[in-house]
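This briefing goes through one protein model, from its sheet to its helices and then to single residues. Please keep the sequence and the structure open while reading.

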Amino acid sequence: MNHTQIFVDAVSLIAPSKENTQPLAKSLATASFATFPEGWKPSPESIPPRAHRRYSPQTLLAIQAAEDIAPALPENAAWVFGSAYGEGETLQLILEALRGPTMAIRPTRFQNSVHNAASGQWTIAQRIKTAATSICGANHTAGSSLLKALLQVQLEQRPVGVVLFDAPLPAPLDTSHRLTCPASAGLALSNNQSPQSIASIAFSLVQQAETAPQSSYAKEALATLNPVFSILPLFENVTGTATGKTVLGLNGRMNLNLEVTAL
């Protein structure tokens, strides 16, 4: 059992029904996934709008969440990026090209098809030279990524930024995993409490079931089958929308128990 306290200095949620200017706690209580605007796209500020077409929807989602939490992190912070399905759109483009007579594929397609493409684009754009890890844990990517980040904060005694992202897969890849809503999320974690700290987390591994979300927004979000939204029960506790501990799923017999204290 491990009860080391880790501090949450910032959280971010990027999704079609959440207004960026609205506090997260209010969005968790009022936003709805029953309908959302067609053609919604993430819009990270660090990439010029004309350059957005060079990036996949997954990478744009990841970069926008990273932008939100970056001001709460120092230069020596490490980064953990988590995605269940990675660069599905780029993979589909490569598969379609391989079906053609010339099988011609631009080299940048390969570069942007790997699972750590988003973390690579973010660290290159921001000239970040610290460690960046890419995690894939299927439906338990949120818990797996957060466990990696919490352990890194504890063992290396330095802040870590966590970014979760996934977008709907193109046909026919979507026949196996039909998530219906794009989303990304971010957390800035630190080993030291500061004036910007909004909550503390003590974590351990337990043999208990995952925590279900409490707000209608979070329940609708989970129904879209996007693994990013698995983080919402934790966000409900961090923002005070709900109280109590959060258990996030991991691959295996144990799950991640998070005792949250609002500051």
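Two strands count as paired if DSSP finds at least two bridges between them. The model is predicted. By that criterion strand β1 (residues 5-14) pairs with β5, since 7 bridges join the two, which run antiparallel. Both belong to an open sheet of 8 strands with mixed pairing.

**The sheet as a whole**

- The strand order is β3-β2-β4-β5-β1-β6-β8-β7.
- At the edges are β3 (132-135) and β7 (246-248), each of which pairs on one side only.
- On average, neighbouring strands of this sheet are turned by 30° against each other, direction ignored.
- Strands of a sheet pair through backbone hydrogen bonds, in either a parallel or an antiparallel sense.

**Strand β5 and its neighbours**

- Strand β5 spans residues 183-190, and 8 of its 8 residues are buried.
- Ala 183, Ala 185, Leu 187 and Leu 189 point one way from β5, while Ser 184, Gly 186, Ala 188 and Ser 190 point the other way. The residues on both sides are all buried.
- Towards β1, Leu 189 in β5 is the bridge partner of Val 8, and Leu 187 in β5 is the bridge partner of Val 11.
- Strand β4 (residues 160-166) also pairs with β5, in the antiparallel sense and over 7 bridges. Within this pairing, Leu 164 has Ala 185 in β5 as its bridge partner.

**Strand β1 and the β6 side**

- Strand β1 is mostly covered, with 8 of its 10 residues buried.
- β1 pairs with strand β6 (residues 199-206) in the antiparallel sense, over 4 bridges.
- Which residue of β6 stands opposite Phe 7? The residue is Ser 200.

**The β7 edge**

- Strand β8 (residues 255-262) is joined to β7 by 3 bridges, and the two run antiparallel.
- Val 247 has Asn 257 in β8 as its bridge partner.

**Helix α2 and Glu 67**

- Helix α2 (residues 57-69) lies across β1, β2 (78-82), β4 and β5. The helix runs at about 150° to β4.
- Glu 67 is located in α2.
- Is Glu 67 buried or exposed? Its relative accessible area is 16%, so Glu 67 is buried, the cut-off being under 20%.
- Leaving out residues up to four places away in sequence, Glu 67 touches Pro 44, Glu 45, Ser 46, Ile 47 and Trp 122.

**Helix α5 and Arg 127**

- Helix α5 covers residues 117-126, and its buried residues include Ala 117, Ala 118, Ser 119, Gln 121, Trp 122 and Thr 123.
- The cover over the buried residues of α5 includes α2, β2, α4, β3 and β4.
- Arg 127 comes just after α5, in the loop between α5 and β3.
- Phi of Arg 127 is near 55°, a positive value in a residue other than glycine.
- With a relative accessible area of 75%, Arg 127 is exposed.

**Helices α3 and α4**

- Arg 109 is placed in helix α4 and, at 27% relative accessibility, counts as partly exposed.
- Arg 109 and Thr 90 are 19 residues apart along the chain, and 6.6 Å separates their C-alpha atoms.
- Apart from residues up to four places away in sequence, Arg 109 touches Thr 90, Leu 93 and Ile 94.
- Met 103 lies in the loop between α3 (88-99) and α4 (107-111).
- Although Met 103 is not a glycine, its phi is positive, at about 55°.
- Met 103 has a relative accessible area of 48% and is therefore partly exposed.
- Leu 91, Leu 95, Leu 98 and Met 103 form a nonpolar patch on the surface. Together these residues have about 340 Å² of accessible area.

**A cis peptide bond**

- The peptide bond from Ala 171 to Pro 172 is cis, with omega near 5°.
- Pro 172 is found in the loop between β4 and β5.

How values were computed: Residues numbered from 1 in each chain as written. Predicted model: local features only at pLDDT ≥ 70, side-chain atom pairs only at ≥ 80, totals over all residues. Heavy atoms only, no water. Buried < 20%, exposed > 50% of the residue type's maximum accessible area, 1.4 Å probe, protein only. Patch = residues over 30% accessible without salt bridge, like charges linked within 9 Å, V, L, I, M, F, W, Y side chains within 5 Å. Areas by Shrake-Rupley, 256 points an atom, 1.4 Å probe, with all protein chains shown as cover. Salt bridge = Lys/Arg side-chain N within 4 Å of Asp/Glu carboxyl O. Axes fitted to C-alpha atoms, helices over the stretch in contact; angles between N-to-C directions. Contact = heavy atoms within 4.5 Å.
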